[in-house]
Amino acid sequence: MTKVDIHYDLVRPLTDSDASAIADVHSWYGILRVRVGADMKSVDVEYDASRLNERDVEGVLIRFGIPIRRKQTTL
């Protein structure tokens, strides 16, 4: 297992339903931990990089409705 942390900024404040969605994200295979930043403006996700990549993690968060700002890709 290769644990990796990734940081996402939020596009809006979290709601109660977002809190439920964050709890549900933990059920996704390969997602190990989701932590809301102390400032409540970001989330940090710990995931198993042998199972998922950054794009997968972003897709999972979006699928569960977490209001993240998508990471910009550079070529």
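Which residues touch the most other members of the largest nonpolar core? In this predicted model, they are Y8, I31, V45, V57, L61 and I66, out of the 17 residues that make up this core. At least two residues of the core come from each of β1, α1, β2, β3 and α2. In soluble globular proteins, nonpolar side chains tend to be buried together. The points below cover helix α2, the core contacts of L61, the strands and residue D56.

**Helix α2**

- Helix α2 spans residues 54-63, and its buried residues are V57, E58, V60 and L61.
- These buried residues lie on the same side of α2, because they cover an arc of only 160° around the axis.
- R55 and R63 are exposed on the other side of α2.
- The buried residues of α2 pack against four elements: β1 (3-9), α1 (16-25), β2 (31-36) and β3 (42-48).
- The N-terminal end of α2 is capped by N53, which has a side-chain oxygen 3.0 Å from the backbone nitrogen of R55.
- G65, just after α2, takes a positive phi of about 85°.

**Core contacts of L61**

- L61 is one of the buried residues of α2 and is also among the core residues that touch the most other members.
- With neighbours within four places in sequence left aside, L61 is in contact with Y8, V25, V45, I66 and I68.
- Among these partners, Y8, V45 and I66 are themselves listed with L61 as touching the most other core members.

**Strands and their pairing**

- Strand β3 is largely enclosed by the rest of the structure, because 6 of its 7 residues are buried.
- β1 and β3 run antiparallel and are joined by 7 bridges.
- Within β3, V45 is the bridge partner of I6; V45 also belongs to the group of core residues that touch the most other members.
- β2 and β3 likewise run antiparallel, with 5 bridges joining them.
- D44 in β3 stands opposite R35.
- A hairpin is formed by β2 and β3, with 5 residues between the two strands.
- In the turn of this hairpin, M40 has a positive phi of about 60°.

**Residue D56**

- D56 is found in helix α2.
- D56 counts as partly exposed, because its relative accessibility is 32%, between the 20% limit for buried and the 50% limit for exposed residues.
- D56 and V25 are separated by 31 residues in sequence, and their C-alpha atoms are 12 Å apart in space.

Technical notes: Residues numbered from 1 in each chain as written. Predicted model: local features only at pLDDT ≥ 70, side-chain atom pairs only at ≥ 80, totals over all residues. Heavy atoms only, no water. Buried < 20%, exposed > 50% of the residue type's maximum accessible area, 1.4 Å probe, protein only. Arc of directions from axis to C-beta. Contact = heavy atoms within 4.5 Å. Polar contact = N/O pair within 3.5 Å; in protein donor to acceptor, adjacent residues only side chain to side chain. Core = buried A, V, L, I, M, F, W, Y, C linked by side-chain atoms within 4.5 Å. Pairing = 2+ DSSP bridges.
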